[in-house]
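Reader: I am new to this structure and would like to look closely at a single part of it before going further. Please take me through that part slowly, and then show me what lies elsewhere in the chain.

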Amino acid sequence: MSDKHLHIVAFDIPYPPNYGGVIDVWHKIRTLHNAGIRIHLHCFEYPGRDRAPQLDTLCEEVHYYPRQLGMRQAISTTPYIIATRKSDKLLQRLMQDNYPVLFEGLHSCYYLNDNELKGRKLIYRESNIEHRYYYNLFKTTNNLYLKAYYLAESIKLRLFEKKIQHASSAAVVSKADQEELQQRYPQLQVELIPSFHANDSLTLMPGSSDYVLYHGNLEVAENENAVFYLLNEVFHNYPRKLIVAGMNPRTRLTRAIEKLDNVELIANPSQDEMDRLVKNAHVNLLVTFQATGLKLKLLNALYSGRFALVNDKMVRGTFLKQLCNIANDPQQIRNQLDILFEKSFDDSEITSRKKLLQKYYSNKTNADKLLSLLYK
């Protein structure tokens, strides 16, 4: 058994891996465990997500800490997503040894600059430029209370981010984020290590089908806005079939979809059903209005689905643009769909996918890069 130990501080319980951030954490744990790393996992929990015995099979130990939700944290100068993720017990456990610590996301970095951890190997795992994400939420919401919260959180996050300079190094998910953080913090070692994911190999199926798929966590405002854009601007009075699949759609989205005969909603599909939808779609259509991080749903679609049609913001700062068809307005999307439905997904597409994805997005390759940061 390996003598390499690692503390991982996770912002949430990383099982089931059913949304962006925890997908990266779960498959990182899985891949590092397979590499012989002995993982000491620390998770923050809150109502709605149960403790997961599946983690016990991959980790030496798993500790859970309640998130400290409430008004006291909301009015703190520390960002709410960070102020609610602190625990004296967590710090005490980290102090019991000298193992490296991987802080998953800015959310989990409350103790990153704590004097008790000074001199330790501390890695900041970036998954998003959080202050920009919250500023974009501020711009897109119409709720005045939420606008005030998102703006305040964005400002707090921008200030808190400076603390990542106390890390030994940062592991970021996109080239754009790497360049931005390296410019802002020139003394910090910033390494590009794209997100870990469910795909250890490509499972692409040649051929064609009769539907377009949009998938994502539908309770996230960014994804809900993307679906409304597709409904109102692209598929209204356009004959092709669209399937929208994802978690927890709100009533207003459900009602909007019911009004269109060519659009079907599949709410809360099982993982097997979602995999089948992605694999069998003729086109996986994914748009975003925020060019942040690495979109794991796109990576999954490229590993297991046929044609991918995206807008520029979906692939900005990644190596994925050459594997996708690009359209940036409703008419371009329709035109590209018409072209793609005249084609069959063939072996030449599979060959180009395999070459690029294995070079930049292989879990094993990226685990080796991370291990070099942790133990060199």
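How many of the eight residues of strand S2 (residues 38-45) are buried?

Author: Before the answer, please keep in mind that this is a predicted model. Seven of the eight residues in strand S2, which spans residues 38-45, are buried, so this strand is largely enclosed by the rest of the structure. Strand S2 has a partner in strand S1 (residues 5-10), and the two pair in the parallel sense over six bridges. One of the residues to look for in this pairing is Ala-10, whose bridge partner in S2 is Cys-43.

Cys-43 deserves a little more attention, and with a relative accessibility of 0% this residue counts as buried. A search of the whole structure finds zero disulfides. Cys-43, accordingly, is in no disulfide, and the nearest cysteine sulfur, which belongs to Cys-59, is 7.5 Å away. The cut-off for a disulfide is a pair of cysteine sulfur atoms within 2.5 Å, so a separation of that kind does not qualify. Cys-59 is likewise in no disulfide, its nearest cysteine sulfur being that of Cys-43, and Cys-59 is buried, with a relative accessible area of 9%.

Strand S2 covers residues 38-45, and Glu-45 brings us to the charged side chains, since the side chain of Glu-45 meets that of Arg-51 in a salt bridge, 2.7 Å from N to O. The two partners differ in their surroundings: Glu-45 is buried, with a relative accessible area of 15%, whereas Arg-51, at 52% relative accessibility, counts as exposed.

The count of salt bridges comes to 19, and among them is one that Arg-125 forms with Asp-24, where the closest N and O atoms are 3.2 Å apart. This pair links distant parts of the chain, for Arg-125 lies in strand S5 (residues 122-125) and Asp-24 in helix H1 (residues 20-34), 101 residues apart. Arg-125 is buried, with a relative accessible area of 2%, and Asp-24, at 4% relative accessibility, counts as buried too.

A further salt bridge brings together the side chains of Glu-161 and Arg-184, at 3.0 Å from N to O. Glu-161 lies in the loop between helix H6 (144-160) and strand S6 (169-172), while Arg-184 belongs to helix H7 (residues 175-184), so the pair ties together parts that are 23 residues apart in sequence. Of these two partners, Glu-161 is buried, with a relative accessible area of 3%, and Arg-184 is partly exposed, with a relative accessible area of 24%. Both residues also belong to one network, in which salt bridges that share partners join Arg-132, Arg-158, Glu-161, Glu-180 and Arg-184.

From here we can turn to another sheet and to a helix that it helps to cover. Six strands form an open sheet in the order S10-S9-S8-S11-S12-S13, and their pairing is parallel. Strand S10 (263-267) and strand S13 stand at the edges, each with a single partner strand, so one side of each is left without a neighbour in the sheet. At the S13 edge, two bridges join S12 to S13, and these strands run parallel; Val-310 stands opposite Ile-326 in S13.

Helix H13 (residues 330-340) has Pro-330, Ile-333, Arg-334, Leu-337 and Leu-340 as buried residues. These residues cover an arc of only 130 degrees around the axis, which puts them on the same side of H13. An α-helix has 3.6 residues a turn, so residues three or four places apart point the same way. What covers the buried residues of H13 includes strand S8 (211-215), helix H8 (221-234), strand S11 (283-286), strand S12 (307-310) and strand S13 (325-326). At the start of H13, a side-chain oxygen of Asp-329 reaches to within 3.1 Å of the backbone nitrogen of Gln-331.

One last place to look is Ala-74, which is found in helix H2 (residues 71-74) and is partly exposed, with a relative accessible area of 33%. If its neighbours within four places in sequence are left aside, Ala-74 is in contact with Tyr-80 and Lys-156. The C-alpha atoms of Ala-74 and Thr-84, which are 10 residues apart along the chain, are separated by 8.7 Å.

Methods. Residues numbered from 1 in each chain as written. Predicted model: local features only at pLDDT ≥ 70, side-chain atom pairs only at ≥ 80, totals over all residues. Heavy atoms only, no water. Buried < 20%, exposed > 50% of the residue type's maximum accessible area, 1.4 Å probe, protein only. Helix = DSSP H or I, 4+ residues; strand = E, 2+ residues; numbered from the N terminus. Arc of directions from axis to C-beta. Contact = heavy atoms within 4.5 Å. Polar contact = N/O pair within 3.5 Å; in protein donor to acceptor, adjacent residues only side chain to side chain. Pairing = 2+ DSSP bridges. Salt bridge = Lys/Arg side-chain N within 4 Å of Asp/Glu carboxyl O.
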